[in-house]
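Here are a few short exercises to help you find your way around. Try each one yourself before you read the solution.

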Amino acid sequence: MNAGKQPKLIAGNSNQPLASAIARRMSIHRGETVKLCDTRVERFNDAEIFVEVFENVRGEDMFIIQSTSNPANDNLMELLIMTDALRRSSASRITAVIPYFGYARQDRRTKARTPISAKLVANLLTQAGIERVLTMDLHAAQIQGFFDIPVDNLYAAPVFALDIKHQFPNLADVTVVSPDVGGVARARELAERINADLAIVDKRRAAPGEVASMTVIGEVKDRICIIIDDMCDTAGTLCKAAELLKTSGAREVHAYISHGVLSGPAVERISASVMKSLVITDSIEPTEPVKATPNIRIIPTAPIFAQAILNIANGTSVSSLFDDGTLSPIYEAFYPAA
């Protein structure tokens, strides 16, 4: 990035509130106003996407903020077309800020004659002209290896650790729970951050999408159980895990989920669940029903993304944001020191 120049932000339609919040946070950090580029993103009658940028971006360090959430294909195509518009307008570098990376669940071949769609999306982004990707909590860490460009994968765990310490002063009563064996590493990492015990819900599937049986591995009786996972789609497994923990004697059950996909009957299931609270981030723009649900709470990601963008633009460390101690000053307005 050229000295004296600030990174420029441009946003698609997937999560405008988050993009605006990132711009506001960057304004606070820099002590000067940072605005989203004036852009027109619209659709023709046949649903083709058209993009027009009304500002000069020649030689600029551009950051496109766009989650590839529902509708995933439209939002992905918006991102690709915006990238092409910037590349043809001589932007010096284009970084895709993708708070929620869609298609991440298709990261390997689970059966014969199936695609690896996450790799295909990585190829599309790279070929479009994106030179760097900034995302959060990829469903599978190995997706970083699908790209031949730098990928910075932020973690929600440090922010969750700050929130848990704020919400649960007596951490000796807390047990972190992985909802399946595959998520043990994620749960263990959070447990180590807050010095809490660890438990696992072992689930056996009779068929895809159908859970045959679930068993708790670890002590949860009279404990405050916190389920940790990277995403929640229809919330079926999450609610069943919460019920199993309560049946096993847990005092309270809470859940911390990085990406609240919350499709189909998810909101209704969570409302009727034994979970005392579900905490999600705003990596996906929450719908009105989600915001209106009393036991769903939303943690902002704008502070960590704003700092990451500034670090990338200035050529400083992004990995420093993996530490909740580093994030404490950034989130001080949300979690003031005792």
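**Exercise 1.** Work out how many disulfides there are in this predicted model.

*Solution.* Start with the cut-off: a disulfide needs two cysteine sulfur atoms within 2.5 Å. Now take Cys232: its nearest cysteine sulfur belongs to Cys239 and sits 7.0 Å away. Going the other way, Cys239 has the sulfur of Cys232 as its nearest, again at 7.0 Å. Neither Cys232 nor Cys239 is in a disulfide, and the count comes to zero.

**Exercise 2.** Decide whether Cys232 is buried or exposed, then do the same for Cys239.

*Solution.* Buried means under 20% relative accessible area. Cys232 comes in at 3%, so it's buried. Cys239 has 6%, so that one is buried too.

**Exercise 3.** Find out how H1 and H9 are placed relative to each other.

*Solution.* First, look at the axes: those of H1 (residues 16-30) and H9 (residues 302-314) come within 8 Å and cross at roughly 60 degrees. The two helices are therefore oblique to each other. As for handedness, the crossing is right-handed. Next, check who meets whom: H1 residues including Leu18, Ile22 and Met26 meet a set in H9 that includes Phe305, Ile309 and Leu310. Sorted by class, this contact has ten nonpolar, two polar and two charged residues.

**Exercise 4.** Locate Asn295 and say whether it is buried or exposed.

*Solution.* Asn295 lies in the loop between helix H8 (288-292) and strand S14 (296-299). Its relative accessible area is 11%, so Asn295 is buried. Setting aside neighbours within four places in sequence, its contacts include Ile270, Met275 and Leu278.

Technical notes. Residues numbered from 1 in each chain as written. Predicted model: local features only at pLDDT ≥ 70, side-chain atom pairs only at ≥ 80, totals over all residues. Heavy atoms only, no water. Helix = DSSP H or I, 4+ residues; strand = E, 2+ residues; numbered from the N terminus. Buried < 20%, exposed > 50% of the residue type's maximum accessible area, 1.4 Å probe, protein only. Contact = heavy atoms within 4.5 Å. Axes fitted to C-alpha atoms, helices over the stretch in contact; angles between N-to-C directions. Parallel < 35°, antiparallel > 145°, perpendicular 65-115°, else oblique. Left-handed = near helix turned anticlockwise from the far one by under 90°. Nonpolar A, V, L, I, M, F, W, Y, C, P; charged D, E, K, R; others polar.
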